[in-house]
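Biologist: I should like to go through this protein with you step by step. Please reason from the structure itself in each reply.

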Amino acid sequence: MKTEKDTYIAFLRGINVGGHHKVPMADLKTEFEKLGFKNIVTLLNSGNIIFDGPKENTSKLEQKISTHIEKIFGFPIPTILRTSRVIHNLLDQNPFVGIERTKDIRFYVSFLKTNLEADLELPWKSTDNSYVIIEKRDQTIISVLDLAISKSPKAMESIEHHYGKDITTRNWNTIERIGKKLKA
């Protein structure tokens, strides 16, 4: 009997940031192979891994990956999975259409581990208007940061305040690069 497969993207939180929690992508790829995954592609150094695996509950796969890589690398590495279908849908329904991209405007996508609701009226703006949460789609938060107002991503801490720490954020450029790799 043949097991059904799916293509996933693993978003690892908190690795290779500011010289802390260093995880070489080649080592990470090897560990994903040991877990039985196929067609593994790492993207950038910030923990984005495309791979084929069994079609199953993503929570179970997230736990399996997190437990294994924590054992190997010696520190917890929160992992959030999305299927290629979710990423393709996000790209097809570009949530940033109509927003001018400038050298100071950054588009972000934050992935929640669980579908939490926050008591926020969306779109929501930070007090200095540097950060806007545009919308929430299922377990995905769409936001914009204006670096001309705030030079720090500290404005984005509001997401954790409202949605908890089981979240990881990627720049829209990274999501677009993942989309290109998925199509290749």
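**Strands, helices and a pocket**

Modeller: Let us begin with one residue pair: Lys 125 stands opposite Val 132 in β7. Please bear in mind that the model is predicted.

Biologist: In which sense do β6 and β7 pair, and over how many bridges?

Modeller: Strands of a sheet pair through backbone hydrogen bonds, either parallel or antiparallel. Lys 125 and Val 132 face each other across this pairing. For β6 and β7 the sense is antiparallel, and the number of bridges is two.

Biologist: Which residue takes a positive phi in the hairpin of β6 and β7?

Modeller: Most residues other than glycine have a negative phi, and most peptide bonds are trans. This hairpin has five residues between its strands. In the loop between β6 and β7 (131-137) lies a residue that departs from the rule, with a phi near 65° although it is not glycine. That residue is Asn 129.

Biologist: Which residue takes a positive phi in the hairpin of β7 and β8?

Modeller: Six bridges join β7 to β8 (residues 140-146), and the two run antiparallel. Across this pairing, Arg 137 is opposite Thr 140. The hairpin has two residues between the strands, and the positive phi, near 50°, belongs to Asp 138.

Biologist: Which strands stand at the edges of the sheet that contains β7?

Modeller: The five strands of this open sheet follow the order β6-β7-β8-β5-β9, with antiparallel pairing. Inside that order, β5 and β8 are joined by seven bridges, and Tyr 108 has Ser 143 of β8 as its bridge partner. A strand at the edge has a single partner, so one of its sides is left without a neighbour in the sheet. The edge strands are β6 and β9 (167-171).

Biologist: At what angle does α5 run to β9?

Modeller: Two helices may be described here. α3 packs on the sheet, touching β5, β7 and β8, and its direction makes about 150° with that of β5. Helix α5 (residues 172-183) lies across β5 and β9, and its angle to β9 is about 80°.

Biologist: Which strands does helix α1 touch in the sheet on which it packs?

Modeller: This open sheet has four strands in the order β2-β3-β1-β4, paired antiparallel. Its edge strands are β2 (38-43) and β4, and neighbouring strands are turned by 30° against each other on average, direction ignored. Helix α1 (residues 25-34) has a direction at about 155° to that of β2, and the strands it touches are β1 (5-12), β2 and β3.

Biologist: Why is the pair of Phe 32 and Phe 51 called edge-to-face?

Modeller: The whole structure holds seven aromatic pairs. In this one, the ring centres are 5.2 Å apart. Phe 32 lies in helix α1 and Phe 51 in strand β3, so the pair ties together parts that are 19 residues apart in sequence. Planes over 60 degrees apart count as edge-to-face, and the name therefore follows from a plane angle of 70°.

Biologist: Where is the cis peptide bond that joins a leucine to Pro 123?

Modeller: The bond joins Leu 122 and Pro 123, with omega about 0°. Pro 123 is found in the loop between β5 (105-112) and β6 (124-125).

Biologist: Which residues are closest to the centre of the second largest pocket?

Modeller: This pocket has a volume of about 380 Å³. Its lining divides into three nonpolar, eight polar and five charged residues, and α2 (58-73), β4 (79-83) and α3 (84-92) each supply at least two of them. Of the 16 lining residues, the closest to the centre are Arg 82, Val 86, Asp 138, Gln 139 and Thr 140.

Key. Residues numbered from 1 in each chain as written. Predicted model: local features only at pLDDT ≥ 70, side-chain atom pairs only at ≥ 80, totals over all residues. Heavy atoms only, no water. 1 Å grid on protein atoms, 1.4 Å probe; cavity = no way out; pocket = protein on both sides within 12 Å on 5 of 7 lines; lining within 4 Å. Points joined across faces, edges and corners; volume = space filled by probe spheres on them. Nonpolar A, V, L, I, M, F, W, Y, C, P; charged D, E, K, R; others polar. Pairing = 2+ DSSP bridges. Axes fitted to C-alpha atoms, helices over the stretch in contact; angles between N-to-C directions. Contact = heavy atoms within 4.5 Å. Phe/Tyr/Trp six-rings, centres within 6.5 Å; stacked < 30°, edge-to-face > 60°.
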